[in-house]
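Me: Could you take a close look at one part of this model for me, the nonpolar core and what sits around it? I'd like a connected walk-through rather than a list.

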Amino acid sequence: MRVINFSDARNQFKQVIDQVVEDADFTVIARRDAQDAVVMSLDTFNSLMETLHLMKSPANAKRLEKSIDQYRKGQTKIKGLVDAE
């Protein structure tokens, strides 16, 4: 995460956008007399929204957490895709 003041962000807007896209990160634009804002790439935003959607259901969040734990412990198997014919 980067933080940049509003004036610098305005003067370097193309570079700010290019940086968030390239880094898959976000930049906070700090404003003196108003609330701060965030700039991020559309891919980062979509990923965040997908994660929120998946974690919204407590049951689904628990299943995902269990799966991640199994993966980290090496308790997974690689399988090929099944043809849908």
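Reply: Here's a tour that begins at the core, moves out to the surface and finishes at the end of the chain.

A word on the ground rules: this is a predicted model, where local features need pLDDT of at least 70, side-chain atom pairs count only at pLDDT 80 or more, and totals for chains, interfaces and linings use all residues. Residues are numbered from 1 along each chain as its sequence is written, and side-chain values use heavy atoms, with hydrogens and water left out.

The largest nonpolar core has six residues: Ile4, Ala9, Val16, Val20, Ile29 and Val39. By nonpolar core I mean a set of buried Ala, Val, Leu, Ile, Met, Phe, Trp, Tyr and Cys residues joined through side-chain atoms within 4.5 Å. Buried is under 20% relative accessible area, exposed is over 50%, and partly exposed is in between (1.4 Å probe, protein chains only). As a general point, nonpolar side chains tend to be buried together in soluble globular proteins.

Val16 is a good place to start. It's in helix 2, and helices here are DSSP runs (H or I, at least four residues), as are strands (E, at least two), numbered from the N terminus. Val16 counts as buried because its relative accessibility is 0%. Leaving out residues up to four places away in sequence, Val16 touches Arg2, Ile4, Ala9, Thr27 and Val39, where contact means heavy atoms within 4.5 Å. Take Val39 from that list: Val16 and Val39 are 23 residues apart in sequence, yet their C-alpha atoms are 8.1 Å apart.

Ile4 is another core member. With residues up to four places away set aside again, Ile4 touches Ala9, Gln12, Val16, Thr27, Val28, Ile29 and Ala30. Thr27 turns up in the contacts of Ile4 and in those of Val16, and it belongs to strand 2 (residues 26-30). At 1% relative accessible area, Thr27 is buried. Beyond four places in sequence, Thr27 is in contact with Arg2, Ile4, Val16, Val20, Ala37, Val38 and Val39.

Now stay with helix 2, residues 13-23, and look at Val21, which is in this helix. Its relative accessibility is 51%, so Val21 counts as exposed. The C-alpha atoms of Val21 and Asp36 are separated by 20 Å, with their positions 15 residues apart along the chain. Helix 2 also holds Asp18 and Lys14, four residues apart, about one turn of the helix. These two form a salt bridge, with the closest N and O atoms 2.6 Å apart; the term stands for a side-chain nitrogen of Lys or Arg within 4 Å of a carboxyl oxygen of Asp or Glu. Asp18 is partly exposed at 36% relative accessible area, while Lys14 counts as exposed at 58%.

Leaving helix 2, you reach Ala24 in the loop between helix 2 and strand 2. Its phi is near 50°, a positive value in a residue other than glycine. For background, most residues other than glycine have a negative phi. Ala24 counts as exposed, at 54% relative accessibility. Outside four places in sequence, Ala24 and Asp25 are touched by Thr44, a residue of helix 3 (residues 42-56). Thr44 is buried, since its relative accessibility is 19%.

Helix 3 also carries Met49, which is partly exposed at 35%. Met49 joins Leu42, Phe45, Leu48 and Leu52 in a nonpolar patch on the surface, with about 470 Å² of accessible area together. Patches are built from residues with over 30% relative accessible area and no salt bridge, like charges being joined within 9 Å and nonpolar side chains (Val, Leu, Ile, Met, Phe, Trp, Tyr) within 5 Å. The areas come from the Shrake-Rupley method with a 1.4 Å probe, and for residues only the protein chains shown count as cover.

Last comes helix 4, residues 58-72: its 15 residues should span 21 Å at 1.5 Å a residue, and its end C-alpha atoms are 21 Å apart, which agrees. The expected span is 1.5 Å times one less than the number of residues. Lys73 forms a salt bridge with Asp69, their closest N and O atoms being 3.2 Å apart, and the whole structure has two salt bridges. Gly74 follows helix 4 and has a positive phi, near 75°. Thr76 lies in the segment after helix 4 and, beyond four places in sequence, is in contact with Gln70 and Tyr71.
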